[in-house]
Amino acid sequence: MEQGFCLNTLKKLAAEPDYTDVSLAAAERVRALAKMGGLVEVQEDIAPKRYFRSGVEMERMAAVYLEEGSLENAYVLYTKFITLFVEKLPAHRDYQHCSLPEKQVIIKKLQEVAFPRKDELKKRLHEKYNREHTEYLRAQGQESVMVDVCSQQMQHLSLLSEDRRRCLLLKEERQRVATLQRMQIESEQFRYFEDQLRRQELANRKAEKEELKVDVKGPEVMDGYCLSRQPIRDHEQSQGAHLNRMRLPVSISQPAAPLTGVHTHRVEALRRLVVPSNLTHRFLLLADSNTSRGIETCGVLCGRLVRRVCSPGDPSHLSFSRPSYLCLPQTHNEFTLTHVVVPKQSAGPDFCDMENVEELFRFQDQQSLLTLGWIHTHPTQTAFLSSVDLHTHCSYQLMLPEAIAIVCAPKHNDAGVFRLTSSGMSEVSVCRLKGFHPHSKEPPLFSVCKHVVLKDSKISLLDLR
């Protein structure tokens, strides 16, 4: 017994601290979050200005998380922001050649936003985790006290006469049941919280193996399959067809640098992303002149994070089992796609390269829009993600796990909404090959999105070409 206890203790001490473990002290849980925030890599072949743009998106997403009350996510992103621009990027070989205005913007963000908010979040997380740890210890103590009290009562009752003992047992059993009921009510909130943390952790681990399945009722609710009228292939064309696209391609310029690990640690499951049902139709009309010549067209999907109130009957409200008296209307957050921006671009039958992206960034900043993904056409191919497309979308998904890639194939009357799987993110994020090149086919590197909802909502298209 003693030897086993020592071994288990050593194993627990040697394990990585888990920020969801309420039995840990507050300082240990905050340190675990800070370690997640330090996982940032800078690649020498990516220009620093791309990282400056990623920083703008990162700070904006951190502010969104802070506004919706997701303290852990906000703390991790602000820590990544500080790590990137204070420790990592200054060591880049081209950092000294960056323009002064770009550096000044980031320095201002560090001084006025990132450092103050990180310190404030650290303080709030300490307070939150201290409360949770105190509740945990109190619940553990109450259970121990109850066991001791029951043991003492049994010893006392054994000395009484049989008749008196029966009467006292009945009376004290009633008192014990009443006491347990009171304790259950007092500790129900804590028990639910502890159960929810476990479920969240299990959901995160399960999400690493398969895509989250969202069951949303209502005729207007659909998933990524509903944009497609034909089966969507989950890999590139055969080797023979692939040769038709082997001219030197140029991947689509991404608005965010591929920061490995920027968001690989998710604190929660994917949120819904609402897409206007007429999006693909309107985009294909805009791209028609290119499509008729067999040339690709691309655009950036932009939108906002909005709040909606969920009733107890809403399936999206029932993410975790909870006591019936806690099933009250709650406020949930979801992304809504509101704009498609088509920047200046050069394109061909199998590539599309964005140009003058500063116009795009300026518009996003003016309208306070988040980057939710991208859309492009395959004039002669079916709807799938090529190896170049995989690399393009990896940048979007690293910055926002909910980011989507919409592919329109007008020749085949086909369209699909995709995202990289866990295996796809792991493989593509470390791949340094350019142009069209082979990737693993098993397990699948991308899949149809299940967190997408189609609705009859307004969409604005801005053509900057």
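**Close-up views of the predicted model**

**Figure 1. Glu135 and Arg138 form a salt bridge within helix α5.** Glu135 counts as partly exposed, at 30% relative accessibility (buried means under 20% relative accessible area, exposed over 50%, and partly exposed in between, for a 1.4 Å probe and protein chains only). The model is predicted: local features need pLDDT of at least 70 and side-chain atom pairs count only at pLDDT 80 or more, whereas totals for chains, interfaces and linings use all residues. Residues are numbered from 1 along each chain as its sequence is written, and side-chain values use heavy atoms, with hydrogens and water left out. Arg138 is likewise partly exposed, at 32% relative accessibility. The N to O distance of the Glu135–Arg138 salt bridge is 3.0 Å (a salt bridge is a side-chain nitrogen of Lys or Arg within 4 Å of a carboxyl oxygen of Asp or Glu). Both residues belong to helix α5 (residues 100-157), where they are three residues apart, about one turn of the helix (helices are DSSP runs of H or I with at least four residues, strands are runs of E with at least two, and both are numbered from the N terminus). An α-helix has 3.6 residues a turn, so residues three or four places apart point the same way.

**Figure 2. Asp365 and Arg60 are joined by a salt bridge.** Their side chains meet at 2.4 Å, N to O. Asp365 belongs to helix α10 (residues 357-367) and Arg60 to helix α3 (residues 48-67), so the salt bridge ties together parts that are 305 residues apart in sequence. Asp365 is partly exposed, with a relative accessible area of 37%, whereas Arg60 counts as buried at 16%. Helix α3 has 20 residues and spans 29 Å from its first C-alpha to its last, close to the expected 28 Å (1.5 Å times one less than the number of residues). Of the 20 residues of α3, 14 are buried. Gly69 follows α3 and has a positive phi, near 85 degrees.

**Figure 3. Glu402 and Arg271 form a salt bridge between two loops.** The N to O distance is 3.3 Å. Glu402 lies in the loop between α11 (387-399) and β7 (404-409), and Arg271 in the loop between α7 (239-242) and β1 (273-276); the two residues are 131 residues apart. Both Glu402 and Arg271 are buried. Elsewhere, Glu44, Arg93 and Asp94 are joined into one network by salt bridges that share partners. The whole structure contains twelve salt bridges.

**Figure 4. Phe52, Phe81, Phe85 and Tyr95 make up one aromatic cluster.** The structure holds five aromatic pairs (rings of Phe, Tyr and Trp, the last by its six-membered ring, pair if their centres lie within 6.5 Å; planes under 30 degrees apart count as stacked, over 60 as edge-to-face and the rest as tilted). Phe52 and Tyr95 form a tilted pair, 6.5 Å centre to centre with 35 degrees between the planes. This pair links helix α3, which holds Phe52, with the loop between α4 and α5, which holds Tyr95, across 43 residues. Phe52 is buried, with a relative accessible area of 6%, and Tyr95 also counts as buried, at 16%. The charged end of Lys103 sits over the ring of Tyr95, 4.5 Å from its centre (NZ of Lys or CZ of Arg within 6 Å of the ring centre and within 35 degrees of the ring normal). The charged end of Arg29 sits over the ring of Tyr129, 3.7 Å from its centre.

**Figure 5. Leu279 is among the residues with the most contacts inside the largest nonpolar core.** This core has 89 residues, and Leu337, Val340 and Ile404 are likewise among those with the most contacts (a nonpolar core is a set of buried Ala, Val, Leu, Ile, Met, Phe, Trp, Tyr and Cys residues joined through side-chain atoms within 4.5 Å). Helix α4 (residues 71-88) contributes the largest share of the core, ten residues. Leaving aside neighbours within four places in sequence, Leu279 is in contact with Leu301, Leu337, Val340, Ile375, Ile406 and Ile459 (contact means heavy atoms within 4.5 Å). In soluble globular proteins, nonpolar side chains tend to be buried together.

**Figure 6. Asn290 is placed in helix α9 (residues 288-292).** At 10% relative accessibility, Asn290 counts as buried. Apart from neighbours within four places in sequence, the contacts of Asn290 are Ile295, Glu296, Thr297 and Arg465. In the chain as a whole there are twelve helices and eleven strands, and 48% of the 465 residues count as buried.
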